[in-house]
Amino acid sequence: MLPALLQNAGRIHHYATELLRESGGTIEIKGLWFANMDMLVTCDPANVNHILCRNFENYPKGPGFRKIFHVLGDGMINVDSELWELHRKTTTPLMNQANFRTSLERNVLQKMENGLFPVLDHYVQQGTHFDLQEIFKRMSLDITCQQFLDKDPGSLCVDPTADHPILKAIRDGSNAILYRHILPEWCWKLQKYYRIDRENKLTQADRSFDNFIYPILEERKKQLNNKTQQQPHDSSGMLTSHIETHRGKSMQFLRDTFATFILAGVDTTATALTWFFLLLAQNPQVEAKILQDILQLKQDKKVFMVEECQKLTYLHAAFCEALRLFPPVPLNHKTPMEKDILPSGHVVTSKTKIIMPFYSMGRMDTVWGEDCMEFKPERWISPDGGIKCQPSYKFPAFNAGPRTCIGRDMAFTMVKMIASTIICHYQFQLMEPHYSEVLITKSVLLEKKHGLKVKFIKRK
């Protein structure tokens, strides 16, 4: 098996999909005996439901996951038990508050008016092609940092060479983390010790997060401790709320918390938007239907707000369909604490690494039908015209079970506001045919290789 895996390392998601189609959704991979790399790869919804939902307690993140994502320390996606419960009880209520949703809508609006429109209009006037994926990354970084840290890095600008340190840290970190999933632990640890290649870049990425987050935390703590400080701050915001709630926790804990928010919110949102606009370019009839719904709203404002976006059912369905085919987080991995038998009949032990490729699940005809490779938003429309709900273990774009992503509503708010506004005001075309091919970077996120080079024209 090893030669085939090495030969297809550059197209690992496609290769896994091919293997799983041939094997009925689950396959066992035997690694070298000294590498401790035996794996079970499954996209069987029954197995995913068992692992992530029904037998959740037997499949914690565990020490192996924590080692792979050490850059996130004690962040929510990296911990189990009491610490995970603490994060959920602290963060979930804050994100469900009305003022969080209001501030998110305001931050997206301001970034589009003061950042996105000037940049897009610049490229329209120049008549030049640009990388839309890079624009989405910078915009997502600015909005996420403003929302959680009350700090706009200002990365969204016309200059394509102005790379923000956090964007580089996310890019380098995601690449190294992917290889930590694949390589034996001793191998990447050896690279880390000798500061080789991607492990050295991951160390530098860790330092970049420190240099960005710690000064923000220290400044806000000073404001809160100094009662005579006149500089205003939002007492109900995420930054202040977490500092006050976790007064007994270390600065490292707060740093890990906000690093997790950034990593979870930036490239995932940008990636979702990128694949969505690629699919629109390949399926102009879908874009035409979305535009028709937008124009029927008779929107006078330049930016579509949450209330208007809620009426765009077909847009929501199209995003769900894009997430089915291109989930920003294309896989999840677990290791059971105790021996278990999966619904498929496979036996797993505490030494078995279980890989769940969500990318492959969206391409299984046994799960989604013979037309699973087609981009059809209609599959998400119910007979009464609403959105047809699918169980999360069949549609795990936001994970499934108790660890379902708490930022789901935030993600949909951002992507629908951004997409509807762009579609309303601009037409776009791909730069060259080869950029419409599905090429994926070597990253733990499903990022499009070569970006998305487009040319924009203003609608009349």
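**View 1. The lining of the largest pocket divides into 31 nonpolar, seven polar and four charged residues.** Ala, Val, Leu, Ile, Met, Phe, Trp, Tyr, Cys and Pro count as nonpolar, Asp, Glu, Lys and Arg as charged, and the others, Gly among them, as polar. What you see is a predicted model, in which local features need pLDDT of at least 70, side-chain atom pairs count only at pLDDT 80 or more, and totals for chains, interfaces and linings use all residues. Residues are numbered from 1 along each chain as its sequence is written, and side-chain values use heavy atoms, with hydrogens and water left out. The volume of the largest pocket is about 980 Å³. Leu-5, Ala-9, Ile-12, Met-39 and Ile-182 are the closest to its centre, out of 42 lining residues. Two or more lining residues come from each of α1 (2-7), α2 (12-23), β1 (26-29), β2 (39-42), α8, α9 (185-193) and β7 (353-357). The largest share of this pocket's lining belongs to α2, with seven residues. A pocket is an open set of points on a 1 Å grid over the protein atoms alone, with protein on both sides within 12 Å along at least five of seven lines; lining residues have an atom within 4 Å of a point. Helices (H or I, at least four residues) and strands (E, at least two) are DSSP runs, numbered from the N terminus.

**View 2. The largest cavity has a volume of about 1,000 Å³.** Ile-77, Ala-264, Thr-268, Val-329 and Cys-405 are the closest to the centre of this cavity, which 44 residues line. Elements giving two or more residues to the lining are α5 (81-96), α8 (165-182), α12 (251-282), α15 (313-325), β4 (331-334) and α18 (408-425). Which element gives the largest share of this lining? That is α12, with eight residues. By class, the cavity's lining residues are 29 nonpolar, 11 polar and four charged. If you look through the whole structure, you will find three cavities of 30 Å³ or more. A cavity is a set of grid points where a 1.4 Å probe fits but cannot get out; points are joined across faces, edges and corners, and a volume is the space filled by probe spheres set on them.

**View 3. Helix α12 is mostly covered, with 27 of its 32 residues buried.** Buried means under 20% relative accessible area, exposed over 50%, and partly exposed in between (1.4 Å probe, protein chains only). From first C-alpha to last, α12 reaches 47 Å, close to the 46 Å expected at 1.5 Å a residue (times one less than the number of residues). In the largest nonpolar core, which has 131 residues, Ile-262, Phe-276, Phe-277 and Ile-290 touch the most other members. Helix α12 gives the most to this core, 16 residues. Core members are buried Ala, Val, Leu, Ile, Met, Phe, Trp, Tyr and Cys residues joined through side-chain atoms within 4.5 Å. Follow Phe-277 outward: beyond its neighbours within four places in sequence, it is in contact (heavy atoms within 4.5 Å) with Leu-132, Phe-136, Ala-419, Ile-422, Ile-423, Phe-428 and Leu-452.

**View 4. Six of the eight residues of helix α11 (238-245) are buried.** They are Met-238, Leu-239, Thr-240, Ser-241, His-242 and Ile-243. Their cover includes α5, α6 (98-126), α7 (132-149), α10 (197-225) and α12.

**View 5. Leu-104 sits in helix α6.** Is Leu-104 buried or exposed? Its relative accessibility is 2%, so Leu-104 counts as buried. Setting aside neighbours within four places in sequence, Leu-104 is in contact with Ile-143, Gln-147, Met-410, Thr-413 and Met-414. Leu-104 and Ile-143 are 39 residues apart along the chain, and 8.0 Å separates their C-alpha atoms.

**View 6. Ser-344 lies in the loop between β5 (340-341) and β6 (347-348).** Here the relative accessible area is 29%, so Ser-344 is partly exposed. Apart from neighbours within four places in sequence, Ser-344 is in contact with Thr-26, Asp-44 and Asn-47. Measuring C-alpha to C-alpha in the model, Ser-344 and Gly-10 are 29 Å apart in space, with their positions 334 residues apart in sequence.

**View 7. Ser-81 has a positive phi, near 55°, in a residue other than glycine.** This serine belongs to helix α5, and Ser-81 is partly exposed at 48% relative accessible area. His-450 is not a glycine either, and its phi is positive, about 75°. You will find His-450 in the loop between β8 (426-430) and β9 (453-458). With a relative accessibility of 42%, His-450 counts as partly exposed.
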